[in-house]
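Colleague: I should like to go through this chain with you, beginning with its surface and ending with a pair of its helices.

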Amino acid sequence: FALDFAGSGLSDGEHVSLGYFEREDVEAAVEYLANSGTVSTIGLWGRSMGAVTALMCVARGHHSISGIVCDSPFADLQVLSKEFAESYLQIPVPKLMVSAALEIIRSTILQRANFDILDLAPIKIVDACTVPVMFVAAHDDKFIDPHHTKQLYEAYGGPKTLEMVEGDHNSMRPGNLQARVAAFLVSELISSDEPRRWYSTAP
């Protein structure tokens, strides 16, 4: 089953909301599959914005979702935005100036796209999540620093595992990771009626 988020691919829409409205697209897809009579268990596998979307979706307590894989999510968009400013401007910028610029951006997005970027902070809600998750992050990710994934892993309330891999944000993930993801999904989806076999582990 495949879909394009609103504002992406072949779907209508003018804006991408980095997970805020995309979670509603995922929820609609999950509800459709759950009611189709052809699907018994559902898993989500998201990368970057898709990983944030998956986290925000399961935080709402969707019982139809049995497991999620979250590759390189950000923990807090406001924090990530400040990191972008410091990393890409290459010159010292007063924090007050960065905060003022972000407030202007926030106000513009709220007016045009009808969502608050301050609400894009999965770190504030993952403690309530209970769906088993596999977090993935790349050591050399300069776009979303691995500390975001590690913070989410530490704060996550349900069964969890963390996989650190070589590469950067957009690198193809190694084959051995694909095998571990497959084992995780088999454990949580196919054997969802059996006792959980995944526990909190980290390298």
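Colleague: How many Å² does the chain expose, and what share do carbon and sulfur atoms supply?

Modeller: This is a predicted model, in which local features need pLDDT of at least 70, side-chain atom pairs count only at pLDDT 80 or more, and totals for chains, interfaces and linings use all residues. Residues are numbered from 1 along each chain as its sequence is written, and side-chain values use heavy atoms, without hydrogens and water. By the Shrake-Rupley method with a 1.4 Å probe, the exposed area is about 11100 Å², and the share from carbon and sulfur is 55%.

Colleague: What percentage of the 203 residues is buried?

Modeller: Buried means under 20% relative accessible area (1.4 Å probe, protein chains only). Of the 203 residues in the chain, the buried ones make up 44%.

Colleague: Which pattern does the chain follow along the sequence?

Modeller: Helices (H or I, at least four residues) and strands (E, at least two) are DSSP runs, numbered from the N terminus. The chain has six helices and four strands. Their order is α-β-α-β-α-α-β-α-β-α.

Colleague: Are H1 and H2 roughly parallel or roughly perpendicular to each other?

Modeller: H1 (residues 22-34) and H2 (residues 49-58) pack with axes 9 Å apart, at an angle of about 65°. Angles of 65 to 115 degrees count as roughly perpendicular. The two helices, H1 and H2, are therefore roughly perpendicular.

Colleague: Which residues of H1 and H2 make the contact?

Modeller: Contact means heavy atoms within 4.5 Å. H2 contributes Met 49, Thr 53, Met 56 and Cys 57, and H1 contributes Glu 22, Arg 23, Val 26 and Glu 27.

Conventions: Axes fitted to C-alpha atoms, helices over the stretch in contact; angles between N-to-C directions. Parallel < 35°, antiparallel > 145°, perpendicular 65-115°, else oblique. Buried < 20%, exposed > 50% of the residue type's maximum accessible area, 1.4 Å probe, protein only.
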